Amino acid sequence: MRMVTIFLSGALSVAAYADDLEKMTAEGATLIPSFQQHLMDTVKSAMQAGGPVNAVEACQLLAPQIADQHSQTPWVVGRTALKVRNPDNAPDAWEKQVLEQFVKRAAAGEALSSLAHSEIVKGEFRMMKAIPTGEACLGCHGKEIKPELAAVIDQRYPQDKARGFALGELRGAFTLRRIIKTAND
Ligand code: HEC
């Protein structure tokens with residue numbers, strides 16, 4: 001009887017875990033489009049107002065603020081990549097390993113647009129969603145960055161590694177985390 005109870009509670013907690021993971025993944029996924037849209041709109045309007053140099057400056061100033069704005073408690077949203085422009089966006093060990101897994105999955109034929117991963121790590125729910133390099137990204141992250149623009153990027157991001165990307169290549173990922181409430185909270 002005891003064995004059965006242990007077995008059952010084990011099975012139940014595995015089911016509850018899967019259920020929680022699914023719910024939090026769905027909730028997290030709803031936060032990404034507005035964050036992404038806000039970033040794109042900001043770059044686009046800065047570009048229209050003052051060209052690409054202005055857009056880089058706007059990005060530097062506003063990207064961290066936009067991430068903060070879209071981090072609604074208990075969620076924290078951000079972006080990361082294996083090659084970053086802003087060192088503040090560098091991946092931690094877990095993020096790096098997920099990004100490496102995305103590279104492998106993409107090489108094995110999975111579409112970047114559907115690459116995502118979620119997991120509970122040390123009492124936190126974490127998820128990542130791949131960001132492909134689109135046409136609109138190449139001017140600032142591609143192989144042929146205009147010299148005037150490259151000079152501004154060099155000046156503002158002396159450690160920049162986020163260039164040389166090709167269309168359709170993995171640029172980075174959205175990264176989300178959420179503290180999981182325990183029964184005692
Ligand atoms: C006007 C130039 C410009 C354009 C266009 C642009 N970016 Fe960026 N990108 C930047 C700058 C500047 C940063 C650093 C922002 C910061 O300081 O947080 C950045 C940062 C990022 C990051 C965060 C990781 C890192 O490298 O620091 C990702 C991911 C990213 N860009 C993806 C994209 C994608 C995808 C597109 C196209 C849809 C795009 N970018 C278009 C300038 C640009």
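User: Which residue of E3 is the bridge partner of Ser118?
Analyst: This is a predicted model, in which local features need pLDDT of at least 70 and side-chain atom pairs pLDDT 80 or more, while totals for chains, interfaces and linings use all residues. Residues are numbered from 1 along each chain as its sequence is written, and side-chain values use heavy atoms, without hydrogens and water. Strands are DSSP runs (E, at least two residues) and helices likewise (H or I, at least four), numbered from the N terminus. In E3, Ser118 has as its bridge partner Met127.

User: How many bridges join E2 to E3?
Analyst: Strand E2 covers residues 116-121 and runs antiparallel to E3. Val121 has the bridge partner Glu124 in E3. Two residues lie between the strands of this hairpin, where Lys122 takes a positive phi near 45 degrees. Two strands pair if DSSP finds at least two bridges between them, and the number joining E2 to E3 is six.

User: Which strands stand at the edges of the sheet?
Analyst: The sheet is open, with four strands in the order E1-E4-E3-E2 and antiparallel pairing. Two of these strands have a single partner each, so one side of each is left without a neighbour in the sheet; they are E1 and E2.

User: Which element gives the most residues to the largest nonpolar core?
Analyst: A nonpolar core is a set of buried Ala, Val, Leu, Ile, Met, Phe, Trp, Tyr and Cys residues joined through side-chain atoms within 4.5 Å; buried means under 20% relative accessible area, exposed over 50%, partly exposed in between (1.4 Å probe, protein chains only). The largest core has 16 residues, and Phe35, Leu39, Phe125, Phe174 and Leu176 have the most contacts inside it. Helix H1 (2-69) and strands E1 (75-80), E3 (124-132) and E4 (170-179) each give two or more residues to this core. With nine residues, the element that gives the most is H1.

User: Within what arc do the buried residues of H4 fall?
Analyst: In helix H4 (residues 147-156), the buried residues are Leu149, Ala150, Val152 and Ile153. They line one face of the helix, because, seen down its axis, they fall within an arc (taken from the directions from the axis to the C-beta atoms) of 160 degrees. The face turned away carries the exposed Pro147, Glu148 and Gln155. The arc of the buried residues is 160 degrees.

User: Which protein residue is the donor to the iron atom of the ligand?
Analyst: Donors are N, O and S atoms within 2.8 Å of the metal (3.2 Å for Na, K and Ca); water is not among the atoms, so sites may look incomplete. The iron atom has a single donor from the protein, an NE2 atom 2.1 Å away. The residue lies in helix H3 (residues 138-141) and is His141.
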